[in-house]
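Me: Please choose one buried spot in this model and look at it closely. Then work outwards from there, in short steps that a first-year student can follow.

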Amino acid sequence: MAGSRKRIPQFNFATHVFDQFKRRKVDKTDEIPQQEANVLESTDSSQDQNSKKQEIHIVENESTNSSQEQNSKSKNEPAPQIDHSEVIKHMNESFSNKKENLHSFYTCKTCTKLSYNETQRLKTKDDRFQHNWITDESLTYCQKTGYNWLIYIEGEGMFCLICRKHDSTNSINKAKKFNAEPGVRFKRKALQDHSNGQQHKSSVLAELIKRSSPFLAELDKRESSKQSVYYNAFLAIYWLAKEEIANCKAPSLLQVLQQLGLDDIKYFQHRSAGSFRSIMLMLGENIKSQVAKKCEEAKYFGLLCDEVCDLANKEQLLTFVNYVDKDTHKVCTDFLSATDLLEKSDSADAHTIWMALSRQLEDCNLKKSSLSSFASDGASP
């Protein structure tokens with residue numbers, strides 16, 4: 001019997017015991033109380049909150065440091081460069097009738113006080129304007145725009161260059177103090193209130209937007225060069241007429257001028273055939289008025305008339321005037337006028353020519369009593 005008993009291998013039994021031990025260990029770890037788990041979770045969450053607070057504090061410190069750096073940079077940034085000639089030109093246009101009595105940072109290079117008459121006028125007032133306010137950078141200098149904005153007009157009061165330039169208005173009472181209306185409260189506090197007010201700040205903002213926007217800068221350039229552009233374009237068209245060149249060549253002539261350096265001529269947009277014809281007629285009327293004025297100043301003049309037929313088969317009465325120029329004391333013969341004879345008549349007879357000639361003299365404000373000579377060929381009665 002003892003020889004026939006089966007023995008359990010020790011290796012299998014040990015493996016079985018080791019498996020049971022592992023299972024019990026796992027079960028014990030699963031029996032952790034719920035309170036301990038809650039404590040662990042709360043501890044983890046508190047640690048996360050503390051870390052977030054630290055991160056927020058670091059971000060706030062970084063933003064504070066960056067803002068301080070930006071402020072220090074803005075203080076150290078150089079002031080915008082201002083073209084004094086452009087500022088003086090703007091002031092002369094804005095105060096065209098008051099240039100002699102104007103005081104500003106840009107015009108008072110050697111002037112340090114008001115005139116005697118203005119000083120006497122201000123003696124009757126409690127508050128008096130101080131000329132050194134104009135050059136006081138802590139009071140009347142704008143760091144953002146680079147303008148010394150205070151302007152003083154004798155007999156009136158104080159104006160703001162920036163507010164005047166952008167025509168700003170007080171949004172509350174719709175007043176235009178320091179713009180169209182002078183400021184007459186001659187105190188430093190009044191200037192400080194204006195520089196810190198909404199009207200002045202909106203003008204500064206408008207100036208900065210104008211400088212930063214290429215579109216507004218282009219519009220401003222077009223507006224500022226309008227007078228020179230029209231002068232150059234009209235002069236080119238006048239040259240075409242003077243040289244008896246067809247006005248259809250005007251667009252190509254303007255393009256040549258642009259390539260030669262007159263870049264602003266591109267702003268001249270009236271380039272249609274009708275526009276050039278209107279410009280020709282306008283130039284003709286201007287020249288006609290100048291010739292008529294010289295004839296009137298000469299007191300006496302002579303006329304030379306002839307009837308011609310143009311390419312459109314219209315009977316035209318051409319009139320030339322002969323007079324002595326008052327300035328050069330020379331005898332001049334200039335073209336005066338052209339009239340369609342068949343516009344109000346059926347035939348170009350003597351009566352029609354006489355009526356057309358009379359209308360020409362009336363249009364030029366020339367008196368028939370000043371007519372000293374007349375030359376013409378024969379005309380049918």
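Reply: Let us start at Gln199. Setting aside the residues within four places in sequence, Gln199 is in contact with Cys163, Ser168, Thr169, Asn170, Ala175, Lys176, Lys177 and Asn179. Keep in mind that this is a predicted model. Where does Gln199 sit? It belongs to helix α8. Is Gln199 buried or exposed? Its relative accessibility is 7%. The cut-off for buried is under 20%, so Gln199 counts as buried. Across the protein, 27% of the 381 residues count as buried.

Next, follow helix α8 to a pocket. The second largest pocket has a volume of about 690 Å³. It is lined by 19 residues, and those closest to its centre are Glu86, Lys165, Lys210, Asp220 and Ser224. Helix α8 (198–212) supplies at least two residues of this lining, and so much can also be said of α3 (84–94), α6 (161–166) and α9 (214–224). Which helix gives the largest share? That is α3, with six residues. Now sort the lining by class. Ten residues are charged, five are nonpolar and four are polar.

Now turn to the largest pocket. Its volume is about 1,300 Å³. Which residues of its lining are closest to the centre? Out of 33 lining residues, they are Met280, Leu281, Gly284, Phe335 and Ala338. Both helices and strands build this lining. At least two residues come from each of α10 (226–242), α12 (273–298), β5 (315–324), β6 (331–340) and α13 (350–363). Helix α12 gives the most, with eleven residues. By class, there are 14 nonpolar residues, eleven charged ones and eight polar ones.

Two of those lining elements, β5 and β6, deserve a step of their own. They run antiparallel and are joined by nine bridges. One place to see the pairing is Gln316, which stands opposite Asp340 in β6. Together β5 and β6 make a hairpin, with six residues between the strands. His329 lies in that loop. Its phi is positive, near 60°, and His329 is not a glycine. Is His329 buried or exposed? The cut-off for exposed is over 50%, and His329 has 65% relative accessibility, so it counts as exposed.

Strand β5 has a further partner. Eight bridges join it to β4, and this pair runs antiparallel. Find Cys309, which stands opposite Glu315 in β5. Strand β4 also pairs with β7 (residues 371–375), but these two run parallel, with four bridges. There, Phe301 stands opposite Leu371 in β7.

Just ahead of β4 comes another residue to check. Lys299 lies in the loop between α12 and β4 (301–309). Its phi is positive too, at about 75°, although Lys299 is not a glycine. With 59% relative accessibility, Lys299 counts as exposed.

One more loop is worth a stop. Asp136 is found between α4 (116–122) and α5 (137–140). Which residues does Asp136 touch, beyond the neighbours within four places in sequence? It is in contact with Tyr141 and Arg188. Compare that with Leu150. Asp136 and Leu150 are 14 residues apart along the chain, and their C-alpha atoms are separated by 9.7 Å.

Now step back to the whole chain. The protein has 13 helices and seven strands. Take the contacts between residues at least 6 apart in sequence. Of these, 56% join residues at least 24 apart.

Finally, ask how far to trust the picture. The average pLDDT is 79, and 77% of the residues score at least 70. Two stretches call for care. Over residues 56–60 the pLDDT is below 50, and that stretch has zero contacts beyond near neighbours in sequence. Residues 66–75 also have a pLDDT below 50, again with zero contacts beyond near neighbours in sequence. Where pLDDT is low, the predicted coordinates should not be read in detail.

Note on methods: Residues are numbered from 1 along each chain as its sequence is written. This is a predicted model: local features need pLDDT of at least 70, side-chain atom pairs count only at pLDDT 80 or more; totals for chains, interfaces and linings use all residues. Side-chain values use heavy atoms; hydrogens and water are left out. pLDDT is the predictor's confidence in each residue, from 0 to 100. Contact means heavy atoms within 4.5 Å. On a 1 Å grid over the protein atoms alone, a cavity is a set of points where a 1.4 Å probe fits but cannot get out, and a pocket is an open set with protein on both sides within 12 Å along at least five of seven lines; lining residues have an atom within 4 Å of a point. Grid points are joined across faces, edges and corners, and a volume is the space filled by probe spheres set on the points. Ala, Val, Leu, Ile, Met, Phe, Trp, Tyr, Cys and Pro count as nonpolar, Asp, Glu, Lys and Arg as charged, and the others, Gly among them, as polar. Two strands pair if DSSP finds at least two bridges between them. Buried means under 20% relative accessible area, exposed over 50%, partly exposed in between (1.4 Å probe, protein chains only).
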